[in-house]
Amino acid sequence: MDINDKELLSKFTPASNVDAVEGIDKLQDEEIKKLQQTGIQLNEEERIGSFIQTNCNVVHCDCSVSGVELLPVKDALKKYDGLSDYWWRLVSKDKDIFTEETERNLDNGYFIRAKAGEKAVYPLQTCLYIRNDNVAQKVHNIIIAEEGSELHVITGCATHPHLTSGLHIGISEFYVKKGAKLTFTMVHNWGESIYVRPRTGVLVEEDGLFMSNYISLKGVKSIQTYPVAQLKGRGAVARFNSVVVAPSGALLDIGSKVILDAPETRAEIISRTVSNGGTIIARGHLVGKARGVKAHLECQGMILADKGIIHAIPELEAHLDDVDMSHEAAVGKIAQEEIEYLMARGLSEEEAVATIVRGFLDVKIEGLPPELEEELQNAVSECQQGGI
Amino acid sequence: MLQIEDLWVEVQGKEVLKGINLEIGKGETHCLFGRNGSGKTTLLMTIMGFSGYKVKHGKIIFKGVDITRLPINERARLGIGISFQRPPTLRGVKLKDILNICGNGGHKGREMAVSYGFDRFLDRDVNHGFSGGEIKKSELLQLLSQNPDLTLLDEPESGVDIENLNVIGEMIKKLLQKDIHRGRKKSGLIITHTGFILNYVTADKGHVMLNGEIYCKGNPVEIFQGIQKYGYQECIKCMKCNI
């Protein structure tokens, strides 16, 4: 049943009205396992630090590298006098009912700043976790990669394994300054009746690089996400990779937009989507507004089960002649020819399909824990059961 | 090894093979000549069991087993392997993965890739951006890992430059055990247009296919020289005399 945005907001209890756990040591084993499957390393192996928020409580916030500042965003607002240069600068606070609500009743969120020249070797992890039923969690995150810095943030968003319903609103504003490099990997691992409304803005300055990896493999009621990146300095680069599986009952409206607003900027939006009975809208919009820009958009979709829908909407918008922009979109079932090619090498039909789907979803993202790799394999075998 | 009896095959509702009879013994290599569209590839694809190649009549027997209705992978397991002329690209599936699949988990793939100077392709997606010669090498490496008893090769020399023909020839010789002269066990059926491959690989018998029928059988080199000199038209005439 469809529900409008206003009903959606009123349906859930604000996270601030429910108790949350005091620390991560209080989490149950099955919760820990779920967080690991969402990309979170609770032992912090190969992580420079962690931020973990359950409902509205920040239960862990610690970074071992002095060149990277990590704070709950409410603390950062106090420390930096309202963060006026960064707060609601890339996402408009009156954009929609979700941004307005977050502005009014903020739960918390993270503030991360890589200081100028700091090059972090390992990722910093953040986790936004909804632990109780029928809760609306509202967060606002800021990441700043100062001049010449390098940072990888892995964010895992999840709900308690037994949760029946919930809403997550996440405002994110990312600033990539001159020559800086920010990789942002987001793993969504929600429950079947969870609504998710991220609102994200990114600004990339001269020679900066923003790279986004987005993974959602599990059931969810609906996700609507459409980050917008503005490339404001010469030579800035933005890359968006998405790997998405929509099981039956899920509506995933995902996409991104890049505005190439300075000479010689480059952008790439690549999505690999698999419908296992759910609906996927794969959007992408490239806007070329300066000389010598180069941008490419690729939406590849595979439908493995009846009733699955994939709607690819690639858009190219050029404002002058000196641009090089292209797109490629393909949606359909697995080519029989590919299945039979592998069968001729000795695989059964099921094994051949699994191999092709695994290859299709194969993304090389550094720093993901083995649990997440396993989840990817599980998603492939689930796809297969739906597909054959 | 392989017996084909009065095989009639339809592709997309069109009769393509019209009563093929063919027998390939253990250790024998046969060549199949013929114009484009004569049905050569259809014969190979039907032996392997691909969908879209509908057997209307006749039998394919391999090692004494009637495989006419068997799924592709069971034919592969029985010992039939095929090299495609234009194989599909498999995105995200690496050459090393498919060599593993072919070798059924064995680890010979990497070794062989090294020995044929192809190891830098192991981490590439199968056939993605491969040149003509690279595709053939990749196909033959897969077959070498698979180690079939009957190898079906669809124009193994097409798109291969002169320098690489030698390597391709070596790979085929290895597949067909051309280094063994007594007690050779591996058989092959090779489609060739240009006949170049005969300079590298010896064949025991040649067949000429025209309009879905096999017209002529004999010494492959002689047949090929005849085709070069007189064209396929002469085969038809010759066949008519024989009737």
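**Cavities, pockets and contacts in a predicted two-chain model**

The structure holds 3 cavities of 30 Å³ or more, and it is described here as a predicted model. The largest cavity encloses about 260 Å³ of space. Its lining is made up of 27 residues, and those nearest the centre of the cavity are Phe184(A), Met186(A), Thr200(A), Thr225(A) and Pro227(A). Seen by secondary structure, at least two residues of this lining come from each of the strands β8 (150-159), β9 (166-176), β10 (181-189), β11 (194-204), β12 (209-216), β15 (237-247) and β16 (251-260) of chain A. When the lining residues of the largest cavity are sorted by class, 13 are nonpolar and 14 are polar, and no charged residues are found among them.

The largest pocket, for its part, has a volume of about 590 Å³. A set of 29 residues lines this pocket, and Thr41(B), Thr42(B), Met45(B), Tyr53(B) and Asp154(B) are the closest to its centre. Both chains take part in the lining, since two or more residues are given by α5 (336-343) of chain A as well as by β2 (14-24), α1 (40-48) and β6 (80-83) of chain B. Of the contributing elements, α1(B) gives the most, with 5 residues. The lining of the largest pocket comprises 7 nonpolar, 12 polar and 10 charged residues, whereas the lining of the largest cavity has no charged residues.

Within chain A, a division is made into domain 1 (5-334) and domain 2 (335-388). The C-alpha centres of these two domains of chain A lie 26 Å apart, and the contact between them takes 28 residues from domain 1 and 25 residues from domain 2. About 2,200 Å² is buried between domain 1 and domain 2 of chain A, with carbon and sulfur atoms giving 72% of that area. The count of salt bridges between domain 1 and domain 2 of chain A is 0.

Between the chains, about 1,800 Å² is buried by chain A and chain B, 59% of it on carbon and sulfur atoms. On the side of chain A, the residues that lose the most area to chain B are Glu340(A), Tyr341(A) and Arg345(A), which together account for 41% of what that side buries. The contact takes 17 residues from chain A and 27 residues from chain B. The count between chain A and chain B is 1 salt bridge; Arg345(A) forms a salt bridge with Glu139(B), in which the closest N and O atoms are 2.8 Å apart. Arg345(A) is thus both a partner in a salt bridge with chain B and one of the residues of chain A that lose the most area to that chain.

Over all chains, the structure holds 23 salt bridges. One further pair lies within chain A, where the side chains of Arg131(A) and Glu31(A) meet in a salt bridge with an N to O distance of 2.6 Å. Arg131(A) is placed in the loop between β6 (124-130) and β7 (135-145) of chain A, and Glu31(A) belongs to helix α2 (residues 29-37) of chain A, so that the pair ties together parts that are 100 residues apart in sequence.

Methods. Residues numbered from 1 in each chain as written. Chains lettered and ligands numbered in written order. Predicted model: local features only at pLDDT ≥ 70, side-chain atom pairs only at ≥ 80, totals over all residues. Heavy atoms only, no water. 1 Å grid on protein atoms, 1.4 Å probe; cavity = no way out; pocket = protein on both sides within 12 Å on 5 of 7 lines; lining within 4 Å. Points joined across faces, edges and corners; volume = space filled by probe spheres on them. Helix = DSSP H or I, 4+ residues; strand = E, 2+ residues; numbered from the N terminus. Nonpolar A, V, L, I, M, F, W, Y, C, P; charged D, E, K, R; others polar. Domains from an automatic or database assignment. Contact = heavy atoms within 4.5 Å. Buried area = accessible area lost by both parts, 1.4 Å probe. Salt bridge = Lys/Arg side-chain N within 4 Å of Asp/Glu carboxyl O.
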